[in-house]
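I sat down with this model to look up its helices, its open and closed spaces and a few single residues. My notes are below the structure.

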Amino acid sequence: MNQEPHSALHRDALGVAGIVFLVLAAVAPLTGIVVVAALAIALGNGGGTPVSFLIVSLVLLLFAVGYAQMSKQLVNAGGFYAFVVKGLGRTGGLIAGLIATLGYNFFVVGTIGTSGFFMQVVIADLTGFDLHWYAWGFLSIVASYLMARSGIDFSSRILGVFLVLEVLMLVIFDVAVFMRHGFDLSVFGADAVFSGSLPIGLLLAATGFLGFEATSLFSEEARNPMKTIPRATYTAIVAIGLILGITTWAVVTATGVAQAQDVALEHLAGGDLIFSLGNTYLGPTMAVVMQVLLLVSLYAAMLAFHNSATRYLYALGRARVLPVSLCRTRENGAPVTAGAVQAGFAAVVAGLFALGGLNPIETLVPAMLGFGTLSILVLQALAALSIVMWFRRRSDPRLWSTLVAPGIGFLCLLAIVTLALVNFKIVAGSEHPLILALPLLLVLAVIGGIGYGAYLKRARPAVYNGLAADLERFNVHGQ
């Protein structure tokens with residue numbers, strides 16, 4: 001498809017490192033430890049939680065085997081939407097696109113709540129300056145939009161700096177625990193792994209990897225994408241697994257493996273397990289530094305997810321599924337209209353919660369992040385199934401990389417999605433009926449995708465056919 005002026009992304013802007021920075025920033029390692037790991041220890045399998053992260057890493061690596069093969073052939077800013085179009089057809093792609101758009105945009109709304117809340121609390125505690133959470137959140141999303149306008153390469157450099165600081169903080173904590181205790185090998189024993197609830201542990205551990213799938217979203221902006229994207233995906237999964245797994249190992253060693261779940265439960269209401277351990281092992285000054293870096297981590301996640309959500313809007317606009325104006329870019333390749341719409345949507349939705357005087361941690365955050373998490377897990381499972389379907393229709397002889405590995409990955413992801421649905425109140429951190437009803441939006445996305453697909457096929461066949469034609473480069477002979 002010919003690109004109109006200022007509707008193309010910035011080519012050759014990102015290497016493997018740049019994409020990994022964007023992905024790991026979305027994962028937000030420090031936030032993952034403070035929030036996800038602490039929850040997994042408390043509500044999942046306690047002292048065996050490091051093994052939960054290891055198991056999820058292996059599952060995602062199996063998925064990544066097929067993902068890598070597909071990425072070598074398909075280059076498109078639509079990410080998993082593009083995968084599903086090729087594997088499950090245009091209507092399936094429409095459904096995936098709607099789910100992705102909902103999930104990523106809701107996730108950004110949630111980051112306004114988390115970033116704003118913690119900025120208000122931490123900055124007021126350290127300086128005495130108390131500004132409403134929404135003001136901090138609004139300033140953060142505006143800053144994210146302005147950084148994103150500066151180009152994806154600029155975002156990746158900024159996020160790279162943030163990521164190094166986060167990981168350095170976690171490494172310092174890990175070393176401090178190791179120097180005092182060593183790492184307790186009993187975490188790998190059956191008593192630890194099967195303590196508490198292993199299924200909940202696996203579900204919560206899987207949420208710690210959300211964001212890794214964004215590697216394909218940046219394929220049109222990558223240098224030599226058919227090699228860069230697979231390498232970045234493997235690197236991201238391994239890096240996330242190591243960072244979260246090793247630091248969680250340090251946490252349960254510090255609390256005592258057998259006592260880890262009880263200790264985590266004691267700190268669950270205050271959400272301060274990691275800060276408490278940081279104060280013990282690093283001292284009060286470094287504990288304060290950890291709090292400040294948590295704010296950096298939350299902002300980095302917002303910027304990364306803003307970039308991802310923007311690219312889904314851009315891709316659907318370019319395919320004429322959404323208004324075509326969404327694919328307008330600046331001269332530097334930044335999707336300016338999609339970025340403005342995404343930031344505006346997030347700010348308005350979060351603002352409605354603020355106007356209602358609602359506590360963001362009790363309402364906004366669980367609703368938005370819980371549904372966003374479920375949506376992205378569903379998207380991952382659809383992509384895994386699409387990979388299998390695409391290569392099977394072509395009778396690809398590489399059974400391990402195009403059937404067995406991605407097939408096992410799909411089944412495991414389907415199991416995780418099922419766990420997320422059954423235990424949605426844990427994923428969303430709330431038992432409010434309205435929040436528990438949010439998964440129904442996925443049903444509406446399926447119905448809407450089928451209905452919209454039928455309408456496009458009948459009334460706008462050029463747009464319907466263009467759902468596949470928009471996929472920028474697809475080499476059916478690619479290996």
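These entries go from the ground rules to helices, spaces and then single residues.

**Ground rules**

I am working from a predicted model, where local features need pLDDT of at least 70, side-chain atom pairs count only at pLDDT 80 or more, and totals for chains, interfaces and linings use all residues. Residues are numbered from 1 along each chain as its sequence is written, and side-chain values use heavy atoms, with hydrogens and water left out.

**Helix α1**

I took helices as DSSP runs (H or I, at least four residues), numbered from the N terminus. For the expected span I used 1.5 Å times one less than the number of residues. Helix α1 covers residues 16–27, and its 12 residues reach 17 Å from first C-alpha to last, close to the expected 16 Å.

Next I checked burial, where buried means under 20% relative accessible area, exposed over 50%, and partly exposed in between (1.4 Å probe, protein chains only). In α1, 9 of the 12 residues are buried, so the helix is largely enclosed by the rest of the structure. Among the buried ones I noted G18, I19, V20 and L22. Just after α1, I found A28 with a positive phi of about 55 degrees.

**Helix α3**

I ran the span check on α3 (residues 49–71) too: its 23 residues should span 33 Å, and the end C-alpha atoms are 31 Å apart, which agrees. I also looked for a bend, meaning the angle between axes fitted to the seven residues ending at a residue and the seven starting there. α3 bends by about 30 degrees at V65. The helix is mostly covered, with 18 of its 23 residues buried.

**Pockets**

I searched on a 1 Å grid over the protein atoms alone; a pocket is an open set of points with protein on both sides within 12 Å along at least five of seven lines, a cavity is a set where a 1.4 Å probe fits but cannot get out, and lining residues have an atom within 4 Å of a point. Points are joined across faces, edges and corners, and a volume is the space filled by probe spheres set on the points.

The largest pocket holds about 1,400 Å³ of space. It has 48 lining residues, and V35, V36, L39, T114 and V365 are the closest to its centre. Helices supplying at least two lining residues each include α1, α2 (29–43), α4 (80–127) and α14. For classes I counted Ala, Val, Leu, Ile, Met, Phe, Trp, Tyr, Cys and Pro as nonpolar, Asp, Glu, Lys and Arg as charged, and the others, Gly among them, as polar. That splits the lining of the largest pocket into 33 nonpolar, 13 polar and 2 charged residues.

The second largest pocket comes to about 210 Å³. Of its 13 lining residues, P50, L54, G241, L242 and G245 are the closest to the centre. α3 and α9 each supply at least two residues of this lining, and α9 gives the largest share, 7 residues. I got 10 nonpolar, 3 polar and no charged residues for this pocket.

**Cavities**

How many cavities of 30 Å³ or more are there? The search of the whole structure gave me 2.

The largest cavity is about 60 Å³. Its lining includes Y145, R149, H306, N307 and R311. α12 (284–318) is one of the helices that each supply at least two of the lining residues, and its 4 residues make the largest share. By class, I have 5 nonpolar, 4 polar and 2 charged residues there.

The second largest cavity is about 30 Å³. I listed L60, A206, F209 and Q380 among its lining residues. α14 (364–393) and α15 (399–422) each supply at least two. This lining has 7 nonpolar, 1 polar and no charged residues.

**Single residues**

I looked for salt bridges, defined as a side-chain nitrogen of Lys or Arg within 4 Å of a carboxyl oxygen of Asp or Glu. The count came to 1. R398 pairs with D396, with the closest N and O atoms 2.8 Å apart. Buried or exposed, I wondered about D396. D396 is buried at 12% relative accessible area, whereas R398 is partly exposed at 21%.

Last, I looked up G256, which is in the loop between α9 (225–255) and α10 (260–266). G256 is buried, with a relative accessible area of 16%. The C-alpha atoms of G256 and A367 are 33 Å apart, with these positions 111 residues apart along the chain numbering.
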